[in-house]
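Student: I am new to this structure and would be grateful for a close look at a single part of it. Please take one loop and the elements on either side of it, and then set that part beside the rest of the chain.

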Amino acid sequence: MDDAQEVTYEYVRIADAITAEIAAGRLPLGARLPGEQELAELHGVSVSTSRRVRRELVRRGLVKALPAKGTFVIRTAAVEGGNAETPPPGQ
């Protein structure tokens, strides 16, 4: 494998793309994200993967999920830090 090519979980790749959309202002504060089914269809993944995307964005502090309402942007910059699957940047 090429050293420049990084292996990444699909849900992390999608979460990174949504994070970039938020940071660029294309998803402003208060914007509602697509539901789990729609997100899965948009990215060609399973609903369980789209659920992981949402959980990752919540973990990053960018969105808040409100039961029966949806998932909404609450910050425009990710909170620093990581977990076992997504370590902090530079590691």
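Tutor: A residue is called exposed when its relative accessible area is over 50%, buried when that area is under 20%, and partly exposed in between. The model under discussion is a predicted one. With a relative accessible area of 88%, Ala 68 lies over the 50% limit and is therefore exposed. Ala 68 is found in the loop between E1 and E2, and this loop is the part to examine closely.

The two strands that flank the loop are E1, residues 63–66, and E2, residues 70–73. E1 and E2 run antiparallel and are joined by four bridges. One of the pairings links Leu 66 to Gly 70, its bridge partner in E2. Between the strands, the hairpin has three residues. Within this hairpin Ala 68 adopts a phi near 65°, a positive value in a residue other than glycine. Such a value deserves attention because most residues other than glycine have a negative phi.

The chain beyond the hairpin may be considered next. Ile 74 belongs to the segment after E2. Its relative accessible area is 45%, so Ile 74 counts as partly exposed. Leaving aside residues up to four places away in sequence, Ile 74 touches Leu 29, Gly 61, Leu 62, Val 63 and Lys 64. Of these, Val 63 and Lys 64 fall within the range of E1, residues 63–66. Ile 74 also lies 9.9 Å from Arg 32, C-alpha to C-alpha, although the two are 42 residues apart in sequence.

The helices complete the setting. Helix H1 spans residues 10–23 and helix H3 spans residues 47–59; their axes are 9 Å apart and they pack at an angle of about 50°. H1 and H3 are therefore oblique to each other, and their crossing is right-handed. On the H1 side, the contact is made by Tyr 11, Ile 14, Ala 15, Ile 18 and Thr 19, while H3 contributes Thr 49, Arg 52, Val 53, Glu 56 and Leu 57. Sorted by class, these residues comprise six nonpolar, two polar and two charged.

Helix H2, residues 36–43, contains Glu 38. Glu 38 is partly exposed, because its relative accessibility is 45%. Its C-alpha atom is separated by 8.8 Å from that of Ser 50, which is 12 residues away along the chain.

Key:
Residues are numbered from 1 along each chain as its sequence is written. This is a predicted model: local features need pLDDT of at least 70, side-chain atom pairs count only at pLDDT 80 or more; totals for chains, interfaces and linings use all residues. Side-chain values use heavy atoms; hydrogens and water are left out. Two strands pair if DSSP finds at least two bridges between them. Buried means under 20% relative accessible area, exposed over 50%, partly exposed in between (1.4 Å probe, protein chains only). Axes are lines fitted to C-alpha atoms, for helices over the stretch in contact, and angles run from 0 to 180 degrees between N-to-C directions. Angles under 35 degrees count as roughly parallel, over 145 as roughly antiparallel, 65 to 115 as roughly perpendicular and the rest as oblique. A crossing is left-handed if the near helix is turned anticlockwise from the far one by less than a right angle, and right-handed if clockwise. Contact means heavy atoms within 4.5 Å. Ala, Val, Leu, Ile, Met, Phe, Trp, Tyr, Cys and Pro count as nonpolar, Asp, Glu, Lys and Arg as charged, and the others, Gly among them, as polar.
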